[in-house]
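Please open the model in your viewer and keep the sequence panel beside it, since each stop on this tour asks you to select something and then look around it.

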Amino acid sequence: MPGLLDALAPLHGKGGGIVPRGTRTAVFQQIFDVFLVLGTLVGVVVVSYMLYNAVKYRDGEGKRSDEFDPPKLGELPSGSGGGRKLFLSFGLSTVIVVSLVAWTYGTLLYVEADSPGEDEAAVEVEVTGFRFGWQFEYPNGHTASKLRVPADRSVRLHVTSDDVFHTFGVPELRVKTDAIPGRYTDTWFRANETGTYEARCFELCGAGHSYMTAEVVVMPPDEYREWYESTGNETTDAGETNASANDTATNARSPAAWTAAATGGGAA
């Protein structure tokens, strides 16, 4: 089964080194598949062995008393092979657990690395969080409240905050990093499918925390190139002016006004 083989071997050689393959979503899916396969295998072995012993040493009618001679109180059991089964089970468990931890740690190092490990140049976007919204700035100076990126290309995000601690995350793309005032954190992702995803704040940052969202639009490469070439050093692209104005007005509210809006008490 190709899917199972991919799950059990998410690392492959490239350029003389060993790097995981696929997007962040694929890597996390591979980790999940490995844990699922091993967990299912261990469960089947343990339950099967338990049922085998339950049937073998059952106490029922028609069973001869000489088939099982239980140890007496204070007597050490015999015939167990001197604890070989115990040491064998502990040894195999140790090898499996240590190997799994080492493999998972190495894979997560790749996921958390600044560089996506791709040959092509990544799209660079600066992300700034503020109460209660997100601003995205591209290398050409264009800024917007909506993040547009091309499909099948790595995107590197440099994330910071203008006020308090936030956390920028896109659950469907398996990307999340802290937005810290006065410093930058880096993360990356690569989307294989076009579509619209939702970015959220995952750090409780005030009364308007639940409203702190942004659209992430994954576009076909040609459409993205066309859109990017049409942008310049402006604050919003076409179609986002009204939304940006609403965001500005919304973000200007005081925490008290946010609380009133969130509880149905109206806006200040």
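How far is the sulfur of Cys 201 from the closest cysteine sulfur, and in which residue is that sulfur found? Select Cys 201 and Cys 205 and show their side chains: the closest cysteine sulfur to that of Cys 201 belongs to Cys 205 and is 3.9 Å away, which is too far for a bond. A disulfide is a covalent bond between the sulfur atoms of two cysteines. For a pair to be counted here, the two sulfur atoms must lie within 2.5 Å, and by this rule the count comes to zero disulfides. Cys 205, for its part, is in no disulfide, its nearest cysteine sulfur being that of Cys 201. Cys 201 counts as buried because its relative accessibility is 4%, and Cys 205 counts as buried because its value is 6%. Bear in mind throughout that this is a predicted model.

**The loop between E11 and E12**

Next, select His 209, which is found in the loop between strands E11 and E12. With a relative accessible area of 19%, His 209 is buried, because the cut-off for that word is under 20%. Draw the distances from the side chain of His 209, and you will find that it reaches the backbone oxygen of Cys 201 at 3.4 Å, while the backbone oxygen of Glu 203 lies 3.0 Å from a polar atom of that side chain. If you leave aside the neighbours within four places in sequence, His 209 is in contact with Phe 132, Cys 201, Phe 202, Glu 203 and Leu 204.

Move along to Ser 210, which lies in the loop between strand E11 (195–201) and E12. Ser 210 counts as partly exposed, since its relative accessibility is 45%. From the C-alpha of Ser 210 to that of Phe 132 the distance is 8.8 Å, although the two residues are 78 residues apart in sequence.

**Three backbone details**

Follow that link to Phe 132, whose place is in the loop between strand E3 (123–130) and strand E4 (133–137). Show the backbone here, and you can inspect the peptide bond from Arg 131 to Phe 132, which is cis, with omega near 5°.

Now select Asp 152, in the loop between strand E6 (147–150) and strand E7 (154–161). Asp 152 is not a glycine, and yet it has a positive phi of about 60°; its relative accessible area of 40% makes it partly exposed. Then go to Arg 174, in the loop between strand E8 (166–170) and strand E9 (175–179), where phi is near 55°, a positive value in a residue other than glycine. Arg 174 is partly exposed as well, with a relative accessible area of 36%.

**The nonpolar cores**

Which residues touch the most other members of the largest nonpolar core? Select Val 125, Trp 134, Leu 147, Leu 157 and Phe 168, which hold that place in a core of 32 residues. Strand E12 (residues 213–219) supplies the largest share of this core, five residues. Centre the view on Leu 147, and, not counting residues up to four places away in sequence, you will see that it touches Val 125, Phe 136, Tyr 138, Leu 157, Phe 189, Glu 215, Val 216 and Val 217. Apart from the largest core lies another, of eight residues, among them Ile 31, Val 34, Leu 100 and Trp 188.

**Two helices**

Select helix H2 (residues 24–56), and draw a line between the C-alpha atoms at its ends: they are 48 Å apart, which agrees with the 48 Å that its 33 residues should span at 1.5 Å a residue. The buried residues of H2 include Val 27, Ile 31 and Val 34. An α-helix has 3.6 residues a turn, so residues three or four places apart point the same way.

Repeat this with helix H3 (residues 84–112), whose 29 residues should span 42 Å, in agreement with the 42 Å between its end C-alpha atoms. Among the buried residues of H3 are Leu 100, Trp 103, Thr 104 and Thr 107.

**The whole protein**

Finally, zoom out and show the cartoon, in which there are six helices and 12 strands. Of the 268 residues, 32% count as buried, and the protein exposes about 16,400 Å², with carbon and sulfur atoms supplying 59% of it.

Note on methods:
Residues numbered from 1 in each chain as written. Predicted model: local features only at pLDDT ≥ 70, side-chain atom pairs only at ≥ 80, totals over all residues. Heavy atoms only, no water. Helix = DSSP H or I, 4+ residues; strand = E, 2+ residues; numbered from the N terminus. Expected span 1.5 Å × (residues − 1). Buried < 20%, exposed > 50% of the residue type's maximum accessible area, 1.4 Å probe, protein only. Core = buried A, V, L, I, M, F, W, Y, C linked by side-chain atoms within 4.5 Å. Contact = heavy atoms within 4.5 Å. Areas by Shrake-Rupley, 256 points an atom, 1.4 Å probe, with all protein chains shown as cover. Polar contact = N/O pair within 3.5 Å; in protein donor to acceptor, adjacent residues only side chain to side chain.
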